Structure formats: C-alpha cells, structure tokens
Amino acid sequence: MKLKPTTYAPILFGVILILTEIATVVGRIIEGVSVDAFLSSTIIRLIVFLLPLAFYCRVTEFDVVSGLKFRSVPVKRVPFLINMALIFFVGSMLFRYAGLFLFDSEAFLETPAAVCFTAKSRNSFLHFLGTMILPALLEEVAFRGVLLENYRSYGASWSVFTTALMFAMFHLSAENLAYYLFMGVILGVMTLASDSIVPAILLHVGINASYEYLRPGVVEYLRQAGKSLILPYLLLALFMILFIFMFSGLENIYRSKSYQEVLESRKELLRKELEKARAAQREEKKETRGKRFLRILREIYLSPTFLICIVLFICLVSDVL
C-alpha cells in the first residue's frame, strides 16, 4: 500500500534517531567489556540502519532496486558534481573560519559522528571501511536514497531541504546544525542532478576521510593564516564563483532532462501517466503559488510525526533524555 510520506517518513527518521542514541550507549558498554569492540560496533551500526529501513521498505512497498539508484553517472554530469564537491569543501572552510574567529567557539571545529564509537581496528583497511565507508553508505541509503525519494512528489527543492534538515538533526549537534544542513543540501542536489546515489556516497566518504586525516592540519592552518582578512575574502570569492557555475550547470541539467521527458512522453506506454499528470496539473493550477507553498509547508513540517522528531532532537541535544 502507498503511504503518505509526510506521515511515515518522519517515523522512519525518528526510529533511526532513537536507535542511534541507544547504539551509542550500548557501544560504550561493549567497548569496556568486549574483546573485539570494533567488530561489535560495526554490527550495531548495521542494525541501527538496516533493520528500520528494511521494515519501512516492506511496509511502504518501496522499490529498493530502482528507488535507491545505485547506477552509473553520465560523463557529462561529472564536471557539475566536481563543482558541487568544491562548493562543499570551500563552504566548510568558511564555516570553520566563522566559528573560530567570529563566534570564538571551538565547537564549530568539531563535526561529531552520529554514532559515537571510539573503538578502532588495528587493521587500517578495516578501520577505513568501518569508520568512513560504512557510515557514509548507510546514511546515504537512508537519507538520499529512501527518504529523498519518498519526498520527491513534493518537488526537488522540498525533498532536498527536508532530507537535509533530517540529516542535520540526525547528528545531534546544535552548534553544527548549519554545517550538516549545508552538507545535506549539497549531497541531495548531487543525487538529483546525477540521478544516482553513488556521487553522494563518494563525497561523503571523502568528507569522513578528510575529517579523520586532514582536520588537525586544516584547523592549525586556519589558526595561523585565518587571522588575516585575506583568507576569508579569497574563500568567499571562490565560493561565489563556484556557486555561479553551479546554477549554470543546474540550468543545463534542467534543460536536458526536460528534453528527454518530452521525448519519452511520446511513447505509447506513457499515455496514461501523462493524462494523470495533466489532470494533476489542472488541479494545481487552481491553487495560487502562495496557497500551494503554505499547503506543502503545512503537510511536511506541521505533520505530527515530523514535529515529534523535532521535539526528540531538542530533547537529545539538550540531554533531557
């Protein structure tokens, strides 16, 4: 049966959020008593994501094969994806600079993982697999795979921002909420632009690896060079240039996708779908833009389950629970 995403998608997010908090507590206990705490922590991480995702896909009849979009990326999309990755890394540098020198807070330099495990493997490959690749894969499957696809019926902008907001709340860091929101938007745009979840996974792995290996050097560089006003102006100028290229790339992607949709619409097999789409468009035209905006805003963010998720996030961040 088809279920309304504004009601059931927040339930999936809330369950993962609760399981993540439980997993963090259980992980700390295991690290104190287990011989192989790293393996145990990895298994817990898998359970936190795969169990609720499997149940959700089963109940909502979500097509895992086509919905998750594990597919190759067209070569012509690669420059745009590289540009988006650069936007993120430049933007994250600006974020850290602002936190360090404008807000005078060390908290902005930290980007804590959602599931806080301190156990490490002596094998460097297993450590890389368990702490960088696996978290990126599971989080992207959940947020840019299942949740993003469920909100697609409300439009690209709504689906990207909503899943980015969930992604930001998932990491339970009030200081870094804007950072994770920015990261979620970048990953969401990359997924929609490439029609594949693979670029988001690769960038997420790169972000995890850079935090693991490069963060101390970057922070020290910001402390030394950031006292000069030249660095933020250079970063801001580069960010704006990359942003201009991003909008140009989005326009080209929109045009090419529109052209492909027109060609596909001429096929006999899509006649019924086109009639349904035209009927839906006629219904939408009856609403003004303002009314449609308020309706979608109300359906997504004033959904009881979404409001419960926000309350749950606030309680977890403020250590009420």
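Helices (H or I, at least four residues) and strands (E, at least two) are DSSP runs, numbered from the N terminus. The structure shown is a predicted model, in which local features need pLDDT of at least 70 and side-chain atom pairs count only at pLDDT 80 or more, whereas totals for chains, interfaces and linings use all residues. Residues are numbered from 1 along each chain as its sequence is written, and side-chain values use heavy atoms, with hydrogens and water left out.

**Figure 1. Overview of the chain, which has 13 helices and 0 strands.** Of the 321 residues in the chain, 45% are buried; buried means under 20% relative accessible area, exposed over 50%, and partly exposed in between (1.4 Å probe, protein chains only). Contacts are defined by heavy atoms within 4.5 Å. Among contacts with a separation of 6 or more, 81% are between residues 24 or more positions apart. The chain exposes about 18000 Å², and carbon and sulfur atoms supply 67% of this area. Accessible areas come from the Shrake-Rupley method with a 1.4 Å probe; for residues, only the protein chains shown count as cover.

**Figure 2. Close-up of Val185 in helix 7 (residues 177-194).** Val185 counts as partly exposed, at 28% relative accessibility. Leaving aside neighbours within four places in sequence, Val185 is in contact with Val160 and Ala164. Both of these partners are listed among the buried residues of helix 6. The C-alpha atoms of Val185 and Arg144 are 10.0 Å apart, with their positions 41 residues apart in sequence.

**Figure 3. Close-up of helix 6 (residues 156-170).** The end C-alpha atoms of helix 6 are 21 Å apart, in agreement with the 21 Å that its 15 residues should span at 1.5 Å a residue. The expected span is 1.5 Å times one less than the number of residues in the helix. Helix 6 is mostly covered, with 12 of its 15 residues buried; among them are Trp158, Leu165, Met166, Phe167 and Phe170. Just after this helix, Leu172 takes a positive phi of about 50°.

**Figure 4. Close-up of the salt bridge between Glu149 and Lys69.** A salt bridge is a side-chain nitrogen of Lys or Arg within 4 Å of a carboxyl oxygen of Asp or Glu; 6 are found in the whole structure. In the pair shown, the closest N and O atoms of Glu149 and Lys69 are 3.4 Å apart. The pair links distant parts of the chain, 80 residues apart: Glu149 belongs to helix 5 (residues 124-150), and Lys69 to the loop between helix 3 (64-67) and helix 4 (78-102). Glu149 is partly exposed, with a relative accessible area of 28%, whereas Lys69 counts as buried at 11%.

**Figure 5. Close-up of two salt bridges within helices, Glu140 with Arg144 and Glu299 with Arg295.** The closest N and O atoms of Glu140 and Arg144 are 2.8 Å apart. These two residues are separated by about one helical turn because they lie 4 residues apart in helix 5, and both are buried. The N to O distance between the side chains of Glu299 and Arg295 is 3.3 Å. Glu299 and Arg295 are also 4 residues apart, about one turn of helix 12 (residues 289-301). Arg295 is partly exposed, with a relative accessible area of 22%. Elsewhere, salt bridges that share partners join Lys69, Arg71, Glu149, Arg152 and Asp195 into one network.

**Figure 6. Close-up of the largest nonpolar core, which has 71 residues.** A nonpolar core is a set of buried Ala, Val, Leu, Ile, Met, Phe, Trp, Tyr and Cys residues joined through side-chain atoms within 4.5 Å. The residues with the most contacts inside this core are Phe13, Phe49, Phe80, Met84, Phe143, Val146 and Met183. Helix 4 contributes the largest share of the core, 11 residues. Not counting residues up to four places away in sequence, Phe80 touches Val189, Ala193, Met246, Gly249, Leu250 and Ile253.

**Figure 7. Close-up of a nonpolar surface patch formed by Leu39, Ile43, Ile47 and Leu51.** Patches are made of residues with over 30% relative accessible area and no salt bridge, like charges being joined within 9 Å and nonpolar side chains (Val, Leu, Ile, Met, Phe, Trp, Tyr) within 5 Å. Together, the four residues of this patch have about 380 Å² of accessible area. Ile43 lies in helix 2 (residues 37-60) and counts as partly exposed at 42% relative accessibility. Leu50 is also placed in helix 2 and is partly exposed, at 44%. The C-alpha atoms of Leu50 and Ile16, 34 residues apart along the chain, are separated by 9.5 Å.
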